[in-house]
Structure formats: C-alpha cells, structure tokens
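Biologist: Please take a close look at one part of this model for me. Pick a residue to start from and work outwards, and tell me what the cut-offs are as you go.

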Amino acid sequence: MDLLEKKTFYNNLYDFYKDLLTTKQRDYFQKYYFDDLSLSEIAEHYHISRNAIYDQLQKVYLSLEKYEEKLGLLDRYQKRQQLYEEYIKFNHATVIELIEKLKDL
C-alpha cells in the first residue's frame, strides 16, 4: 500500500470509528492527517517525545483496523456504493431516485 492509499484508508476508517478512540488519539490523528503536522511538530505541541506520538499513531492504526475487522462498516459502505453505481447504469428514473434517497440517509 503506497502512502496515498494508506492515508485514504486510515482517513476512511477514522470517519467511521473516530468516536471509539480516546480524545488524545483523535487529537494526534487529526493533527497528523488533517493539519498535516510532522511527528516532531505534534510532539512539541504536546511537550512529549516524537517517539510517543509515533507509538500513539501506531496504536490508532491498530485500533481502527481492529474495529473494521469486527464491525466492517467501511467494507459494507464501499459495497453499497458499488451497488448504487451498478443500479444507476440501468438509467431508470425510479431506480435513480431511490438510490439518491438512499445515499442521503
């Protein structure tokens, strides 16, 4: 998995499971992925070591993967999206309208 795929994967998992992480884990993840701060910058902000931030991010990755393995929310979401795209190809007004309603839920 290249860097962009990894970032996308963990961002998607984070969208589904962020509420299951601790406040500090969410903060570190957001600063690293959303604010684009380096490990050193995050460590300086929290007055802890760079290695501590690295370790915490590794724990976040493992937690997100574990949640996905047990709950499978991202996988089911992606499968639903694929089905929506297949049904839209039928180009039937009623089907397209129903799919748009489902997407809005």
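Modeller: Let's start at H47, which is exposed with a relative accessible area of 73% (exposed means over 50%, buried under 20%, and partly exposed in between, with a 1.4 Å probe and protein chains only). Before going further, a word on what you're looking at: this is a predicted model, in which local features need pLDDT of at least 70 and side-chain atom pairs count only at pLDDT 80 or more, while totals for chains, interfaces and linings use all residues. Residues are numbered from 1 along each chain as its sequence is written, and side-chain values use heavy atoms, with hydrogens and water left out.

Back to H47. H47 sits in the loop between α3 and α4 (50-71); helices here are DSSP runs of H or I with at least four residues, strands are runs of E with at least two, and both are numbered from the N terminus. The backbone does something worth noting at this spot: H47 is not a glycine, yet has a positive phi of about 60 degrees.

D36 shows that backbone feature too, with a positive phi of about 60 degrees although it isn't a glycine. D36 is in the loop between α2 and α3, and with a relative accessible area of 59% it counts as exposed.

Between those two loops comes helix α3, residues 39-46. L39 belongs to α3 and is buried, at 10% relative accessible area. What does L39 touch, leaving aside its neighbours within four places in sequence? Its contacts are Y32, R50, I53, Y54 and L57, where contact means heavy atoms within 4.5 Å. On the backbone side, the C-alpha atoms of L39 and S49 are 8.9 Å apart, with their positions ten residues apart along the chain.

E44 is in α3 as well, but E44 is exposed, with a relative accessible area of 64%. E44 joins D35, D36 and E41 in a surface patch of negative charge. Here's how that patch is put together: its residues have over 30% relative accessible area and no salt bridge, and like charges are joined within 9 Å. Lys and Arg count as positive and Asp and Glu as negative, with His and the chain ends not counted, and a charge is placed at NZ of Lys, CZ of Arg, CG of Asp or CD of Glu.

Now look at K31, which is in helix α2, residues 23-34. K31 is buried and has no salt bridge; the nearest side chain of opposite charge is D35, 4.1 Å away. A salt bridge, for the record, takes a side-chain nitrogen of Lys or Arg within 4 Å of a carboxyl oxygen of Asp or Glu. Beyond its neighbours within four places in sequence, K31 is in contact with D36, L37, I42, H45 and Y46. So D36 turns up twice, as a member of the negative patch and as a contact of K31.

Elsewhere in α2 you'll find Q25, which is buried at 10% relative accessibility. Not counting residues up to four places away in sequence, Q25 touches Q56, K59, V60 and S63.

For contrast, hop over to helix α5, residues 73-88. A search of the whole structure finds one salt bridge, and D75 and K79 meet in a salt bridge with an N to O distance of 3.1 Å. The two are separated by about one helical turn because they are four residues apart in α5. D75 is partly exposed at 34%, and K79 is partly exposed at 48%. R76 lies in α5 too and is partly exposed, at 45% relative accessibility.

Further along in α5 are L83 and Y87. L83 comes out partly exposed at 41%, and Y87 is partly exposed with a relative accessible area of 41%. With F90, they make a nonpolar surface patch of about 330 Å²; Val, Leu, Ile, Met, Phe, Trp and Tyr side chains are joined within 5 Å for this, and the areas come from the Shrake-Rupley method with a 1.4 Å probe, only the protein chains shown counting as cover for residues. Leaving out neighbours within four places in sequence, Y87 is in contact with V95 and I99, and the C-alpha atoms of Y87 and I99, twelve residues apart along the chain, are 7.9 Å apart.
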